Amino acid sequence: MFEMPITAIILAGGKSMRMHQDNKGLQLLKGQPLYSHVIARIKPQVNYILINSNRDIAQYQQSQYPVITDKIGGYLGPLAGIYSGLMVTTTNWNLIVSCDTPFLPFDLVKRLQQHCSDHLAAYVFDGERAHPTIMLIHRQLAPLIKRYLLRGERKLCGLLEEINAIQVDFSDNPQAFSNINTFEELTYWNQKTCI
């Protein structure tokens with residue numbers, strides 16, 4: 001655990017369009033819901049955990065962690081979930097992770113935190129592409145995110161550029177950020193002998 005308390009906000013509030021609108025976080029990987037794999041990875045790294053979801057609330061509540069819905073309606077994407085989490089968190093620093101990334105590294109917070117002394121947000125770059133829904137962010141950005149959403153903006157990368165977020169290189173472990181977006185990908189990982 002680190003000197004500064006940190007809350008993890010798991011984003012599970014999307015429509016799961018590539019999974020025919022089945023709730024992505026609840027799909028089973030090796031017999032456990034995807035989101036529970038995420039919890040297992042981040043739990044040793046944070047002090048508190050929140051889950052952002054807009055449906056199947058009771059199923060997520062079985063985790064025994066608080067479940068919050070979007071504060072701004074209309075399925076406005078991951079930024080709405082991030083904003084909603086920042087509005088209820090009690091910690092200044094918050095880890096954002098998506099519910100479909102079950103292989104997150106156990107040093108994720110430590111490595112992101114090393115870059116936050118001069119920035120209010122740090123996010124993952126795996127050597128080939130950015131993962132803006134995996135980041136450490138300060139809750140003082142909540143009002144700015146709200147203004148960004150209310151003026152019709154939705155792109156998370158655009159916001160990160162606007163707030164001068166720093167990209168953190170995880171190219172030594174890119175497979176840790178593999179996400180599961182489709183039933184085909186879920187089948188692939190379920191057939192792997194170990195994960």
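Is Asp107 buried, partly exposed or exposed? In this predicted model, Asp107 has a relative accessibility of 31% and therefore counts as partly exposed, since that class lies between the 20% limit for buried and the 50% limit for exposed. The residue comes up again below, among the charged pairs. The description starts with the sheet.

Seven strands make up an open sheet of mixed pairing, and their order across it is β5-β4-β1-β6-β8-β7-β9. The edges are taken by β5 and β9; each has a single partner strand, so one side of each is left without a neighbour in the sheet. Helix α3 packs on this sheet and touches β1, β4, β5, β6 and β8. The direction of α3 makes about 150° with that of β1.

Starting from the β5 edge, the pairing can be followed strand by strand. Strand β5 (residues 67–68) and β4 are joined in the parallel sense over 2 bridges. Here Val67 in β5 stands opposite Ile51. On to the next neighbour, β4 pairs with β1, again in the parallel sense, over 5 bridges. In this pairing Tyr48 in β4 is opposite Thr7. Strand β4 covers residues 48–52, and 4 of its 5 residues are buried, so the strand is largely enclosed by the rest of the structure.

Further along the order, β6 and strand β8 (residues 130–138) run antiparallel and are joined by 4 bridges. One position in this pairing is Trp93, whose bridge partner in β8 is His138. As a background point, side chains in a regular strand alternate between the two faces of the sheet.

Next come the helices. Two packed helices are described by the angle between their axes and the distance between the axes. Helix α3 (residues 78–88) and helix α5 (residues 142–150) pack at an angle of about 145°, and their axes are 9 Å apart. The crossing of these two helices is left-handed. From α3, the contact is made by Leu79, Ala80, Ile82, Tyr83, Leu86 and Met87. From α5, Ala142, Ile145, Lys146, Tyr148 and Leu149 take part. Sorted by class, the contact between α3 and α5 has 10 nonpolar residues, no polar ones and 1 charged residue.

The charged side chains form another layer of the description. Side chains of opposite charge can pair when their charged atoms come close. Counted with a cut-off of 4 Å between nitrogen and oxygen, the model has 5 salt bridges. One of them joins Lys24 and Asp100, with the closest N and O atoms 2.9 Å apart. This pair links distant parts of the chain, the two residues being 76 residues apart. Lys24 lies in the loop between β1 (6–11) and β2 (28–29), while Asp100 lies in the loop between β6 (93–98) and α4 (108–113). Both Lys24 and Asp100 are buried.

Asp107 returns at this point. Asp107 forms a salt bridge with Arg111, their closest N and O atoms being 3.7 Å apart. Arg111 has a relative accessible area of 18% and is therefore buried, whereas Asp107, at 31%, is partly exposed. These two residues and Asp172 are linked in a network of salt bridges.

Another salt bridge is made by the side chains of Glu153 and Arg151, at 3.9 Å from N to O. Both partners fall in the middle accessibility class: Glu153 is partly exposed with a relative accessible area of 32%, and Arg151 is partly exposed with 49%.

A few loop positions complete the tour. Val46 is in the loop between α1 (34–42) and β4. With a relative accessible area of 3%, Val46 is buried. The C-alpha atoms of Val46 and Asp107 are separated by 11 Å, although the two residues are 61 residues apart along the chain.

On the other side of β4 in the chain, Asp56 lies in the loop between β4 and α2 (57–61). Asp56 is not a glycine, yet its phi is positive, near 55°. Its relative accessibility of 31% makes Asp56 partly exposed. Asn164 likewise is a residue other than glycine with a positive phi, near 60°. Asn164 is found in the loop between α6 (156–162) and β9 (166–169). With a relative accessible area of 52%, Asn164 counts as exposed.

Note on methods:
Residues are numbered from 1 along each chain as its sequence is written. This is a predicted model: local features need pLDDT of at least 70, side-chain atom pairs count only at pLDDT 80 or more; totals for chains, interfaces and linings use all residues. Side-chain values use heavy atoms; hydrogens and water are left out. Buried means under 20% relative accessible area, exposed over 50%, partly exposed in between (1.4 Å probe, protein chains only). Two strands pair if DSSP finds at least two bridges between them. Axes are lines fitted to C-alpha atoms, for helices over the stretch in contact, and angles run from 0 to 180 degrees between N-to-C directions. A crossing is left-handed if the near helix is turned anticlockwise from the far one by less than a right angle, and right-handed if clockwise. Contact means heavy atoms within 4.5 Å. Ala, Val, Leu, Ile, Met, Phe, Trp, Tyr, Cys and Pro count as nonpolar, Asp, Glu, Lys and Arg as charged, and the others, Gly among them, as polar.
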